[in-house]
Amino acid sequence: MTTTDARRGAAAGEWLLLAVAIAWGLTFFSTKSLLERMPVMDFLTVRFGIATVLLIAIAPKALRMSRKTLLHGALIGVAFAVAQITQTFGLVYVSASVSGFVTGLYVVFTPLLGALLFKVRVRGLVWVAVGLATVGLAVLSMQLGSGAPFGLGEWLTLISAIFWGLHITLVGRYSQPDNVISLTIVQLGVASLIFTAGGLRDGLTLPNTGPDWAWMIYFATIVGAGTEFAQVWAQARVEASKAAVLMVTEPLWAAVFAVLFGGELVTGRLLAGGGLMIVAMLVAVRASPPAP
């Protein structure tokens, strides 16, 4: 691969990661609503079971893979499952905005875990982007002065942020342009088995209304199979720390959708937090040239 091809691939990956963040931005309020009618493990079982079956149906040949890809995909799938379970259980106890902020702290954990586990050297500008994104995330997502304690929901969500950071780090380490679909299928398949083991203990609850099924199909296809494949593809071309900064803009897009379609007002907090996160994105994109 030439340097020009690498730069083009990295640019495409960066735009794709932004698209992933935008798709995720629609999920917090709708997930919280569905969890009022479905147990957490049942929700995850149905969502990622459909996503796994869909990817296998689209690319059955991807099931032929090396033992190394199978092992790496399984490891990523375990991290993904723990992150999903702790985040979703945490969302039962906290507001969507607080969940978005605490989850977004993976932007800090990703470079730390990369340095700790794989001795990845993070460039100074990436750390600047991480700092800007964290401050912007706090301004955008937290209701300052609420006096709310750091309780069970927040602790569960913090654990999920650590595992999201681990997930991004592992995907960045093990994804290659030639194993993207196989790695995604194994990841989702292993996670689905874990979710199913929890969901079937007391019987599986399915969505029981048309709107709930519509949201579930969206979760399974666009924000399940689609975004996971897109993330693995993009991270084969974009370093993990930069990917984390781009994906952590999710709460920004959630706020934009709330203004455009939810009737919420444009506030100073939205402008300040969103502005910091946009600057963080630009710094992250320019932080380092893509490796050939």
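The exercises below, each with a worked solution, concern salt bridges, helix packing and single residues in a predicted model.

Residues are numbered from 1 along each chain as its sequence is written, and side-chain values use heavy atoms, with hydrogens and water left out. Because the model is predicted, local features need pLDDT of at least 70 and side-chain atom pairs count only at pLDDT 80 or more, whereas totals for chains, interfaces and linings use all residues.

**Exercise 1. Salt bridges**

Find how many salt bridges the structure holds, and describe where the partners of each one lie.

*Solution.* Begin with the general idea that side chains of opposite charge can pair when their charged atoms come close. A salt bridge is counted here when a side-chain nitrogen of Lys or Arg is within 4 Å of a carboxyl oxygen of Asp or Glu, and the structure holds 2 of them.

Take glutamate 14 and lysine 242, whose closest N and O atoms are 3.4 Å apart. Glutamate 14 belongs to helix H1 (residues 3-24) and lysine 242 to helix H11 (residues 240-247), so that this pair, 228 residues apart, links distant parts of the chain; the helices are DSSP runs (H or I, at least four residues), numbered from the N terminus. Both glutamate 14 and lysine 242 are buried, a word that stands for under 20% relative accessible area, while exposed stands for over 50% and partly exposed for values in between (1.4 Å probe, protein chains only).

Turn next to aspartate 212 and arginine 37, whose side chains meet at 2.7 Å, N to O. This pair also links distant parts of the chain, with aspartate 212 in helix H10 (residues 210-235) and arginine 37 in the loop between helix H2 (27-34) and helix H3 (40-58), 175 residues apart. Aspartate 212 has a relative accessible area of 6% and is therefore buried, whereas arginine 37, with 39%, is partly exposed.

**Exercise 2. Helix H4 and helix H9**

Work out how the axes of H4 and H9 cross, and which classes of residue make the contact.

*Solution.* The axes, which are lines fitted to C-alpha atoms over the stretch in contact, with angles running from 0 to 180 degrees between N-to-C directions, come within 7 Å for helix H4 (residues 67-93) and helix H9 (residues 180-199) and cross at roughly 50°. That angle makes H4 oblique to H9, since angles under 35 degrees count as roughly parallel, over 145 as roughly antiparallel, 65 to 115 as roughly perpendicular and the rest as oblique.

Now list the residues in contact, meaning those with heavy atoms within 4.5 Å: among them are Leu70, Ile76 and Phe80 in H4, and Leu183, Val186 and Gln187 in H9. By class, the contact of H4 with H9 has 14 nonpolar, 7 polar and no charged residues, where Ala, Val, Leu, Ile, Met, Phe, Trp, Tyr, Cys and Pro count as nonpolar, Asp, Glu, Lys and Arg as charged, and the others, Gly among them, as polar.

**Exercise 3. Helix H8 and helix H10**

Describe the packing of H8 and H10 in the way used for the previous pair of helices.

*Solution.* Helix H8 (residues 152-174) packs with H10 at an angle of about 55°, and their axes are 8 Å apart, so H8 and H10 are oblique to each other. His167, Ile168, Val171 and Gly172 in H8 meet Glu228, Gln231, Val232 and Gln235 in H10. These residues divide into 3 nonpolar, 4 polar and 1 charged.

**Exercise 4. Two residues of helix H9**

Decide whether glutamine 187 and alanine 197 are buried or exposed.

*Solution.* Glutamine 187 lies in helix H9 and has 1% relative accessibility, so it counts as buried. Leaving aside residues up to four places away in sequence, glutamine 187 touches Gly73, Ile76, Gly77, Phe80, His167, Val171, Glu228 and Val232. Alanine 197 also lies in helix H9, but its relative accessibility is 54%, and therefore alanine 197 counts as exposed.

**Exercise 5. The phi angle of lysine 119**

State what is notable about the phi of lysine 119, and say where this residue lies.

*Solution.* Most residues other than glycine have a negative phi. Lysine 119, however, has a phi near 55°, which is a positive value in a residue other than glycine. Lysine 119 is found in the loop between helix H6 (106-118) and helix H7 (124-141), and at 72% relative accessibility it counts as exposed.

Notes. Helix = DSSP H or I, 4+ residues; strand = E, 2+ residues; numbered from the N terminus.
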